[in-house]
Amino acid sequence: MSLASWFRWNEPPNRISQRNPTEMVVETLMMELSWQIKQAEKQQRERENEYRKLKTGVDYGWLVSYPKQSYDISPGERLQLEDMCTKIHPSYCGPVILRFRQVVTEYEPEAQEVSRLFRSVLQEAAEKIKEEEEAKKLARQWNTKNRTSLSLTTFKSRSRISPFISDIKTISEDVERGTQPTRRVWSMPEFRNTKDF
């Protein structure tokens, strides 16, 4: 018996995840929200410690033990936020996270305010996505209208090109006759109106 069969070296690598991209977006954004809530709580504790230290003049921070996470959003609000996250396209997940981090650093919110900021960023992103989809739709409509109108005008033209008509003058005919060529461009075909035929 060979050792290669015991080890899984010869098997093709499994894919990372078979999940739906929407589920991954929801999970990623909700993880970012929970991380930002933890960070906001940590900053809030640090501010309180600084205030106590300034007020009393003594640092008792080494004596205090903090709960891991004291604030959590309600289940109803969590479901609403998850529903809003499903409307975010996977390609917008990164920009939404960056915008959320930017807003959090600008406002330095308390833990209770983080979910409201997150909601506002999601609404802003959903509106932006909707505007871009409408712009693409209008551009598609405009392009299809232009194509149909150009194609109709091309097929409805009354002029015809007749390159092999016998009365087209060539340079060789003028040379044979010994006459001066007219000022006409000889490489251009003869254009005639359809009424002549």
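Let's start at His89, which is partly exposed, with a relative accessible area of 46%. That label fits because partly exposed covers the range between buried, under 20%, and exposed, over 50%. Keep in mind as you look around that this is a predicted model. You'll find His89 in the loop between helix 2 (75–86) and helix 3. Its side chain makes a polar contact with the side chain of Ser91, at 2.9 Å. Now look for Pro21: His89 and Pro21 are 68 residues apart in sequence, yet their C-alpha atoms are 8.6 Å apart in space.

From there, let's move on to a pair of helices. Two packed helices are described by the angle between their axes and the distance between the axes. So what are the angle and the axis distance for helix 1 and helix 3? Helix 1 (residues 21–56) and helix 3 (residues 93–107) pack at about 15 degrees, and their axes are 11 Å apart. Angles under 35 degrees count as roughly parallel, so helix 1 and helix 3 are roughly parallel to each other. Their crossing is right-handed.

Which residues make this contact? On the helix 1 side they are Val25, Thr28, Leu29, Glu32, Leu33 and Gln36. Helix 3 brings Cys93, Val96, Ile97, Phe100, Arg101 and Val104. Sorted by class, the contact has 8 nonpolar, 2 polar and 2 charged residues.

Let's zoom in on one of those helix 1 residues, Glu32. Is Glu32 buried or exposed? It counts as buried, because its relative accessibility is 8% and the cut-off for buried is under 20%. Setting aside its neighbours within four places in sequence, Glu32 is in contact with Ile97, Phe100 and Arg101. With Arg101 there is also a polar contact, side chain to side chain, at 2.9 Å.

Next, follow the chain to the loop between helix 3 and helix 4 (111–155), where you'll meet Glu108. Most residues other than glycine have a negative phi. Glu108 has a positive phi of about 45 degrees, although it is not a glycine.

Our last stop is Ser115, in helix 4. With 1% relative accessibility, Ser115 counts as buried. So what surrounds it? Leaving out neighbours within four places in sequence, Ser115 is in contact with Leu33, Tyr71, Ile73, Glu77 and Leu81. You've already met Leu33, as one of the helix 1 residues in the contact with helix 3.

Note on methods:
Residues are numbered from 1 along each chain as its sequence is written. This is a predicted model: local features need pLDDT of at least 70, side-chain atom pairs count only at pLDDT 80 or more; totals for chains, interfaces and linings use all residues. Side-chain values use heavy atoms; hydrogens and water are left out. Axes are lines fitted to C-alpha atoms, for helices over the stretch in contact, and angles run from 0 to 180 degrees between N-to-C directions. Helices (H or I, at least four residues) and strands (E, at least two) are DSSP runs, numbered from the N terminus. Angles under 35 degrees count as roughly parallel, over 145 as roughly antiparallel, 65 to 115 as roughly perpendicular and the rest as oblique. A crossing is left-handed if the near helix is turned anticlockwise from the far one by less than a right angle, and right-handed if clockwise. Contact means heavy atoms within 4.5 Å. Ala, Val, Leu, Ile, Met, Phe, Trp, Tyr, Cys and Pro count as nonpolar, Asp, Glu, Lys and Arg as charged, and the others, Gly among them, as polar. Buried means under 20% relative accessible area, exposed over 50%, partly exposed in between (1.4 Å probe, protein chains only). A polar contact is a pair of N or O atoms within 3.5 Å; within protein, one must be able to donate a hydrogen and the other to accept it, and residues adjacent in sequence count only if both atoms are side-chain atoms.
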